[in-house]
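Reader: Please take one part of this model and look at it closely, side chain by side chain. Then follow the chain outward from there, and state plainly what is buried, what is paired and what is out of the ordinary.

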Amino acid sequence: MPTDVRPVTIPDFSAWKTQKRRISVLTAYDFPTARLLDEAGVDCLLVGDSLGTVVHGWGTTLKVTLDQMVYHAEMVARATRRALVVADLPFLSYQVSPKQAIQSAGRLLKETDCQAVKLEGGATMAVTIRALVNAGIPVMGHVGLQPQSVRQLGGYKVQRSEDRILEDALAAADAGAFAVVLECIPARLASQITEALVVPTIGIGAGPNCDGQVLVTPDLLGLIEQFHPKFVRRYAELGPAIREAAAAYVADVAEGRFPDEAESFQ
Ligand code: KIV
């Protein structure tokens, strides 16, 4: 990557909406992966609280703490030269009050070099989004399937309350969100919301007509083999590749083939 690369900014998102230039977003949780994704030209790296499931191996994102988000966001932001880095506000770090949200988001922006936060919720979070934006903190909204509400929803399901989802997306944008994630909603509804919003929509399981797309990187790389939802396209099969590489190493160690002379100091 050239050293004079221009970092992506929040105003780029609205310019790209106007230009109909599609926006690529991937999740990142650690330094080496963030560096590779940034070098590949991904526009935005999301330090998602999905790290609760794909890094920690928990069944939901509910246990993720603000300290953990700060820990991962710091690594990702330090590795990134061009992409906009957005960090998730985890469960119960912003729902209590707008003041709590500003304090939590403030920690992410002050203790890491991330440029924005993401939070789940539309109409009910509008006051909080407005308070964050007024404090100078860019916010990405997230409507449709909201994984932090999984207990309320009774599972990870396609969300079909069309009027409420449209109202949520409009409320997030009106409150000042610079982009809105649409998760697991019918493609036709996502198109309608994308037409209605002045800010970009970023879809995951929301069809092809959003302004941008986001995927969870370990899903895209084929690292989570037991989980393959309909909306995930696997661009690599790193699960089998890692298992094969580790098995070859085990065999080489067992047979005394590793290290060889070239890999040893004389
Ligand atoms: O936590 C996350 O990775 C997310 C994306 C799935 C949008 O919220």
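Author:
**A buried loop residue and its surroundings**

Gln148 counts as buried because its relative accessibility is 6%, under the 20% limit for that class. The model is predicted, and everything below should be read with that in mind. Gln148 sits in the loop between β5 (139–144) and α7 (150–153). Its side chain makes a polar contact of 2.7 Å with the side chain of Asp49. With neighbours within four places in sequence set aside, Gln148 is in contact with Asp49, Thr61, Leu62, Leu89, Pro90, Phe91, Tyr94, Gln95 and Glu120.

The polar partner of Gln148 is Asp49, and the residue numbered just before that partner is Gly48. Gly48 lies in the loop between β2 (44–47) and α3 (51–54). Its relative accessibility is 1%, so Gly48 is buried. Beyond residues up to four places away in sequence, Gly48 touches Ala28, Tyr29, Met69 and Asp88. For Ala28, the separation is 20 residues along the chain and 7.3 Å in space, taken from C-alpha to C-alpha.

Among the residues in contact with Gln148 are Phe91 and Tyr94, and Leu92 is numbered between them. Leu92 belongs to the loop between β3 and α5 (98–111). Its phi is positive, at about 65°, although Leu92 is not a glycine. Leu92 is classed as partly exposed because its relative accessible area is 49%.

Back in the loop that holds Gln148, Pro147 provides a link to another part of the chain: Pro147 is one of the residues in contact with Glu183. Glu183 is in strand β6 (residues 179–183). The other contacts of Glu183, again without neighbours within four places in sequence, are His142, Val143, Gly144, Leu145 and Ile204. What is the charge situation of Glu183? Glu183 is buried and has no salt bridge, and the nearest side chain of opposite charge, that of Lys118, is 6.2 Å away. A salt bridge would need a nitrogen and a carboxyl oxygen within 4 Å. The side chain of Glu183 does, however, make a polar contact of 2.9 Å with the side chain of His142.

The chain goes on from Glu183 to Cys184, in the loop between β6 and α9. Cys184 also has a positive phi, about 50°, without being a glycine. Cys184 is buried, since its relative accessible area is 10%.

Ile204, a contact of Glu183, belongs to the next strand, β7 (residues 201–204). In a regular strand, side chains alternate between the two faces of the sheet. In β7, both faces are covered: Thr201 and Gly203 are buried on one side, and Ile202 and Ile204 are buried on the other. β6 and β7 pair in the parallel sense over 4 bridges, with Leu182 standing opposite Gly203 of β7. Between these strands the chain passes through helix α9 (residues 187–196), and the resulting β-α-β crossover is right-handed. β7 also pairs in the parallel sense with strand β8 (residues 212–215), here over 2 bridges. In that pairing, Ile202 has Gly212 of β8 as its bridge partner.

The loop between β7 and β8 leads to the charged pairs. Side chains of opposite charge can pair when their charged atoms come close. The structure holds 13 salt bridges. One of them joins Lys17 and Asp211, at 2.7 Å from N to O. Lys17 is in helix α1 (residues 10–19) and Asp211 in the loop between β7 and β8, so far along the chain that 194 residues separate them. Lys17 and Asp211 are both buried.

Asp43 and Arg82 form another salt bridge, 2.9 Å from N to O. Asp43 lies in the loop between α2 (31–39) and β2, and Arg82 in the loop between α4 (66–79) and β3 (84–88), so the pair ties together parts 39 residues apart in sequence. Asp43 and Arg82 are buried as well. With Arg21 they are linked in a network of salt bridges.

Arg6 and Asp12 form a salt bridge too, with their closest N and O atoms 3.0 Å apart. Arg6 is exposed because its relative accessible area is 53%, whereas Asp12, at 10%, is buried.

A last item concerns the backbone. A cis peptide bond, with omega about -5°, joins Phe258 and Pro259. Pro259 lies in the segment after α11 (238–254).

Key:
Residues numbered from 1 in each chain as written. Predicted model: local features only at pLDDT ≥ 70, side-chain atom pairs only at ≥ 80, totals over all residues. Heavy atoms only, no water. Buried < 20%, exposed > 50% of the residue type's maximum accessible area, 1.4 Å probe, protein only. Lys, Arg positive; Asp, Glu negative; His and termini not counted. Polar contact = N/O pair within 3.5 Å; in protein donor to acceptor, adjacent residues only side chain to side chain. Contact = heavy atoms within 4.5 Å. Pairing = 2+ DSSP bridges. Right-handed = clockwise from strand over helix to strand, strands pointing away.
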